Amino acid sequence: MKGNFKRILYGGDYNPNQWPKDIWQEDMRIFKDAHINSATVNVFSWAKIQPSEEVYDFSELDEIIEMLSREKYDIVLATSTAALPAWMVKRYPEVARTDYEGRHHKFGQRHNACPNSPVYQKYAGALAGELAKRYGSNKHVTCWHINNEYGGDCYCENCEKAFRVWLRKKYKTLEALNKAWNLEFWGHTIYDWDEVVLPNALSEGLDNDKTAFAGISIDYRRFISDSLLSNFVMERDAVRCYDKETPVTTNLMGTYKGLDYFKWAKEMDVVSWDNYPSYNTPWSQTAMCHDLMRGLKDEPFMLMEQTPSQQNWQPYNSLKRPGQMRAQSYQTIAHGADTIQFFQLRRSVGGCEKFHGAVIAHVGTEDTRVFREVSQLGQELEQLGDMTLGSVNEAEVGIVFDWDNYWALEYTSGPTVDLTYVDQIHQYYKYFYDRNIPVNMIPFDGDLDRYKIIVAPVLYMVKEGMREALENFVRKGGVLVTTYMSGIVDQSDNVYLGGYPGVLSDMAGVWVEEIDALAPEQENTVIFHDGESVPGRLVCDIIHLKGAECIGRYGKDFYAESPAVTRNRFGDGHVYYIGTGMDCPGIAKVLDMAAEDGCVKPVVEEETGLEITCRRKDGYRYYFVINFKEEELEIPSCLAGNTDVLTGEPVRSGDTLSKYDVKIIRTKE
């Protein structure tokens, strides 16, 4: 199995159109020294290649494609549709977006097109088709890159009309719509489809993240995600008219809130994404994002962008320390990537990204620390060849990540503003990461039977079919771990009556009478049966047992001694319910029990502070061993005697890794 590519793509965003042609040849020389073999071009060139409504000018792009083809690059060819040309906005103002405040925008910035503008759709689709017709037969075009970092909202009249059409397809009748949105509340009953308005600051929006009617706003999120997806599909299909085989992608953004990436992945040949952690992002969170991107299709993915040195748009744009970029790149491959690509290959002279890191800095030479590190990594990846290409990651633990739930949970008014979805997911992911227990990030309707443990923190929205799937999983011996703010509402954000956690109550063996919110300076205590106590923060569910056993009780307040953490036998499996926000030791206490029930094992049995991830291919296992700690750490003895494919040398007992050191150790199955 070799996935989508014949080799690991190593390169990134390249904009020779910003430079005199004498620099192009210098770039080719320098890139060769860095072992770069791919270039992503034409990402923001719409204005250049279509200077007016009736005219295309591919002369410069022809030269760029010819040069890269001559140098035998793999070309990731973008369609340029993420930034409108000025002539289009001038002639057709309706192509621009209307923002949350109701302001219709003029020409400027990027990602600035209304997704429901027929004019935008016409010209974007036509451009994608023209590019494919011209370059689709070029064997060096290895991947099509549609648009760029889709996202953002639009509240214009075109979107409002399209939203009404979307709603009619979904609900069929106004009666069903009124019921789903609970429009008896505040007397908002709708009697005509034209009475539906978009939920922005001029209507139901309370602010960008809160709303008077969550049902309306969640449906708008679904609608805008679908609208942008329809733009992607339109361009993909235009490409497919001329190029039937080359993989098509667009670059996603990890846990970006705006788009339902599981739905998007079904329309993509290969998932790609842009990885930009900040200076203090935990390595576990970066790993989680990689696992999520791999999980979207349960296949290897592309890293479309990372910076070789520093970013420019975060509050604190720290340099990557020596060795950090290399270690980060290998972490990416370890978790499923088949490419390592940068933004950008040469640093721009102007604009808001001129200080964003690049392979070639403003000094214009290869005599820099960053270039030397890029060159070292390129040489190693070249030597690695197709050894790990298309290899698979396997896991016995699945963590549910659901964008509908993401939107609904964070629209909810109460119990606390500090309850955020990604942070909650990461807390539980981190337990498995710290123990080198592989995890797959899975959709709400994924194949649960593949796993021994399913973790579903704050599963606030339980959509149709999910309760039955979870119950079936547990009955057959699976272990489910869920938490406060779970099982509470249906797909329209209407509460399941009968007590929390709603439709999960019977399976969990508990019902929750009240939910106490704790301010940041407040905490309770959870006391486990062995006497160990840990803090309880954020919220405290006041729990009544309905068949479950209490394994941890509250230590304070009027609900002291009542259950805080429970375990319930359900069929042949178990359900753990965690009723309060605990720190890592408290979460570990519960997940240790769940892991024992589920009989899940780490990648290596020995305890270690190293990150160790495994990919499998053709009868071999490839263990990616990386040190992200400050201190030197010993490689587990069970890996001794095997070969480090980066050096060709055997790993010896007692060998150690310093910070940011990496080994890829190959063993036979």
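A residue counts as buried when its relative accessible area is under 20%. Runs of helix are numbered from the N terminus. With these terms in hand, the tour of this predicted model may begin.

**First stop: helix α11**

Select residues 324–334, which form helix α11. Of its 11 residues, 11 are buried, so the helix is largely enclosed by the rest of the structure. Step along α11 and you will pass Q324, M325, R326, A327, Q328, S329, Y330, Q331, T332, I333 and A334, each of them buried. An α-helix has 3.6 residues a turn, so residues three or four places apart point the same way. Now move on to G336, just after α11, where the phi angle is positive, at about 130°.

**Second stop: helix α13**

Next, select residues 403–411, helix α13. How many of its nine residues are buried? Nine of the nine are, and the helix is described as mostly covered. The buried residues are W403, D404, N405, Y406, W407, A408, L409, E410 and Y411. To see what lies over them, add β6 (210–211), α8, α9 (261–265), α10 (283–297) and α14 (421–434) to the selection; the cover of the buried residues includes these elements.

**Third stop: N231 in helix α8**

One of the elements that cover α13 is α8, and this helix spans residues 214–240. Within α8, select N231. Is N231 buried or exposed? Its relative accessible area is 2%, and the cut-off for a buried residue is under 20%, so N231 is buried. Display the neighbours of N231 as well: leaving aside residues up to four places away in sequence, N231 touches P115, Y120, Q121 and Y150.

**Fourth stop: the largest cavity**

Rolling a probe the size of a water molecule over the atoms shows where empty space is left. In this model there are four cavities of 30 Å³ or more. The largest has a volume of about 90 Å³. It is lined by 15 residues, and those closest to its centre are R97, H111, A113, Y120 and N147. Select these five residues to find the place. Y120 has already appeared on this tour, as a contact of N231. By class, the lining of the largest cavity has seven nonpolar, six polar and two charged residues.

**Fifth stop: the second largest cavity**

Which residues line the second largest cavity? Select Y14, N15, P16, N17, V41, N42, S45, K48, I49, E60, L61 and I64. The space that they line has a volume of about 70 Å³. Two elements give two or more residues to this lining, namely α2 (46–49) and α3 (59–70). The largest share, three residues, comes from α3. Sorted by class, the lining of the second largest cavity has six nonpolar, four polar and two charged residues.

**Last stop: the whole chain**

Finally, clear the selection and show the whole chain. Its secondary structure comprises 17 helices and 29 strands. Along the principal axes, the C-alpha atoms fill a box of roughly 75 × 75 × 45 Å. For 669 residues, a compact globule would have a radius of gyration near 26 Å, and the chain agrees with this, at 26 Å. Of the 669 residues, 60% count as buried. Among contacts with a separation of 6 or more, 73% join residues 24 or more positions apart. Switch on a surface display to end the tour: the accessible surface comes to about 26,700 Å², and 49% of it belongs to carbon and sulfur atoms.

Key. Residues are numbered from 1 along each chain as its sequence is written. This is a predicted model: local features need pLDDT of at least 70, side-chain atom pairs count only at pLDDT 80 or more; totals for chains, interfaces and linings use all residues. Side-chain values use heavy atoms; hydrogens and water are left out. Helices (H or I, at least four residues) and strands (E, at least two) are DSSP runs, numbered from the N terminus. Buried means under 20% relative accessible area, exposed over 50%, partly exposed in between (1.4 Å probe, protein chains only). Contact means heavy atoms within 4.5 Å. On a 1 Å grid over the protein atoms alone, a cavity is a set of points where a 1.4 Å probe fits but cannot get out, and a pocket is an open set with protein on both sides within 12 Å along at least five of seven lines; lining residues have an atom within 4 Å of a point. Grid points are joined across faces, edges and corners, and a volume is the space filled by probe spheres set on the points. Ala, Val, Leu, Ile, Met, Phe, Trp, Tyr, Cys and Pro count as nonpolar, Asp, Glu, Lys and Arg as charged, and the others, Gly among them, as polar. The radius of gyration is taken over C-alpha atoms; the globule rule is 2.2 Å times the number of residues to the power 0.38. Accessible areas come from the Shrake-Rupley method with a 1.4 Å probe; for residues, only the protein chains shown count as cover.
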